[in-house]
Amino acid sequence: MKRYWLFCAGVAAVFLAVFGVAVLLGVPVDDARPWMGDGGAAAALAGVALLTADVVLPVPSSGVMLLNGVLFGVWVGAGLSVAGSMGCAAVSFWMGRAGSPWVRRLVTPAQHDHAARLLERWGALAIVATRPVPVLAETVAIMAGASRLRWSTAMLAAFAGTLPPALAYAVAGSAAASLRAGTLVFAGVVLLGAGFWWAGRRRSAGLEPAPPPVGRPDPAGPARR
């Protein structure tokens with residue numbers, strides 16, 4: 001598994017490197033207004049395109065969502081943010097699915113199968129919990145695509161993880177477009193994602209059968225002859 005997790009870290013490092021290069025080149029990675037202007041259909045399309053391209057470009061996703069609320073109000077702004085974020089999740093998952101044969105060549109079959117089982121069990125929950133977190137969201141979606149997780153499951157998980165922050169940023173943007181508001185929303189949605197993860201782990205643990213008491217035979221074990 002060590003090689004597999006190193007591969008995951010490598011994917012995240014590539015995203016961080018692209019972000020760092022963009023900062024050095026002076027690309028506006030903390031303000032979406034230069035990309036979206038003052039509203040209108042062009043701004044709406046630009047916002048959706050930027051959020052979708054977040055998988056490969058250093059897009060200020062929280063700033064785009066906040067600005068969607070400023071320019072288009074709560075419901076339209078949230079809808080545009082959901083559309084763009086779902087596009088990003090779909091592209092990320094497709095990249096993982098298309099690169100799955102390549103991943104198999106980098107890790108041993110046993111490592112790949114073990115990671116696939118973990119992602120089948122926790123992949124949907126991980127997607128939900130990490131959608132509000134830059135870099136981690138795209139990394140998890142790509143790795144989930146490289147597993148046997150179904151498209152429908154991944155997209156439902158992405159929607160569940162995208163809707164709360166999209167609404168929160170739209171509300172904050174329509175009320176008061178400020179850095180402080182955006183920072184508070186970001187902290188809140190990250191905590192919400194952590195809450196989703198905790199609740200999912202608790203629910204999964206509750207569904208697992210308890211081990212038989214020590215010293216007593218397992219009733220599900222083989223019958224005595």
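**Entry 1: Ile127**

I started at Ile127 and listed its partners: leaving out residues up to four places away in sequence, Ile127 touches Val140, Ala144, Leu149, Ala154, Ala157 and Ala158. A reminder to myself before going on: this is a predicted model.

Next I asked which residues of the largest nonpolar core touch the most other members. They are Phe93, Ile127, Leu149, Ala154 and Met155, in a core of 15 residues. So my starting residue, Ile127, is on that list, and so are two of its partners, Leu149 and Ala154.

I then looked up where this core comes from. H4, helix H6 (109–130), H7 and H8 each supply at least two of its residues. H8 gives the largest share, 5 residues.

There is a further core to note. Apart from the one above lies another, of 13 residues, including Leu50, Leu51, Val64 and Tyr169.

**Entry 2: Val64**

I picked Val64 from that other core. I found Val64 in helix H4. Is Val64 buried or exposed? Val64 counts as buried because its relative accessibility is 0%, and the cut-off for buried is under 20%.

For contacts, I again set aside residues up to four places away in sequence: Val64 touches Ala32, Met36, Gly47, Leu50, Leu51 and Val59. Of these, Leu50 and Leu51 are also members of the 13-residue core. I checked one pair by distance too: Val64 and Gly47 are 17 residues apart in sequence, and their C-alpha atoms are 6.1 Å apart in space.

**Entry 3: Ser61 and the largest cavity**

I moved on to empty space. I noted down 2 cavities of 30 Å³ or more. The largest cavity holds about 200 Å³ of space. It is lined by 18 residues, and those closest to its centre are Ser61, Met65, Ser85, Arg131 and Pro132.

Which helices supply at least two residues each of this lining? I wrote down helix H4 (61–98), helix H7 (136–145) and helix H8 (151–175). H4 provides the largest share of the lining, 5 residues. By residue type, the lining of the largest cavity divides into 10 nonpolar, 5 polar and 3 charged.

Ser61 deserved its own check. Ser61 lies in helix H4. Its relative accessibility is 16%, so Ser61 counts as buried, given the cut-off of under 20%. With neighbours within four places in sequence left aside, Ser61 is in contact with Leu51 and Asp54. Leu51 turned up earlier, as a contact of Val64.

**Entry 4: H7**

H7 had appeared twice, in the larger core and in the cavity lining, and I wanted to see how covered it is. How many of the residues of H7 are buried? The count is 9 of its 10, and H7 is mostly covered. By name, the buried residues in H7 are Ala137, Glu138, Thr139, Val140, Ala141, Ile142, Met143, Ala144 and Gly145. Two of these, Val140 and Ala144, took me back to my starting point, since both touch Ile127.

**Entry 5: the whole chain**

I finished with the overall numbers. The chain has 9 helices and 0 strands. Along the sequence I read the pattern as α-α-α-α-α-α-α-α-α. Of its 225 residues, 40% count as buried.

I also looked at sequence separation. Among contacts in the chain with a separation of 6 or more, 80% are between residues 24 or more positions apart. Lastly, I noted the surface: the chain exposes about 12,400 Å², with 69% of it supplied by carbon and sulfur atoms.

Definitions and conventions: Residues are numbered from 1 along each chain as its sequence is written. This is a predicted model: local features need pLDDT of at least 70, side-chain atom pairs count only at pLDDT 80 or more; totals for chains, interfaces and linings use all residues. Side-chain values use heavy atoms; hydrogens and water are left out. On a 1 Å grid over the protein atoms alone, a cavity is a set of points where a 1.4 Å probe fits but cannot get out, and a pocket is an open set with protein on both sides within 12 Å along at least five of seven lines; lining residues have an atom within 4 Å of a point. Grid points are joined across faces, edges and corners, and a volume is the space filled by probe spheres set on the points. Helices (H or I, at least four residues) and strands (E, at least two) are DSSP runs, numbered from the N terminus. Ala, Val, Leu, Ile, Met, Phe, Trp, Tyr, Cys and Pro count as nonpolar, Asp, Glu, Lys and Arg as charged, and the others, Gly among them, as polar. Buried means under 20% relative accessible area, exposed over 50%, partly exposed in between (1.4 Å probe, protein chains only). Contact means heavy atoms within 4.5 Å. A nonpolar core is a set of buried Ala, Val, Leu, Ile, Met, Phe, Trp, Tyr and Cys residues joined through side-chain atoms within 4.5 Å. Accessible areas come from the Shrake-Rupley method with a 1.4 Å probe; for residues, only the protein chains shown count as cover.
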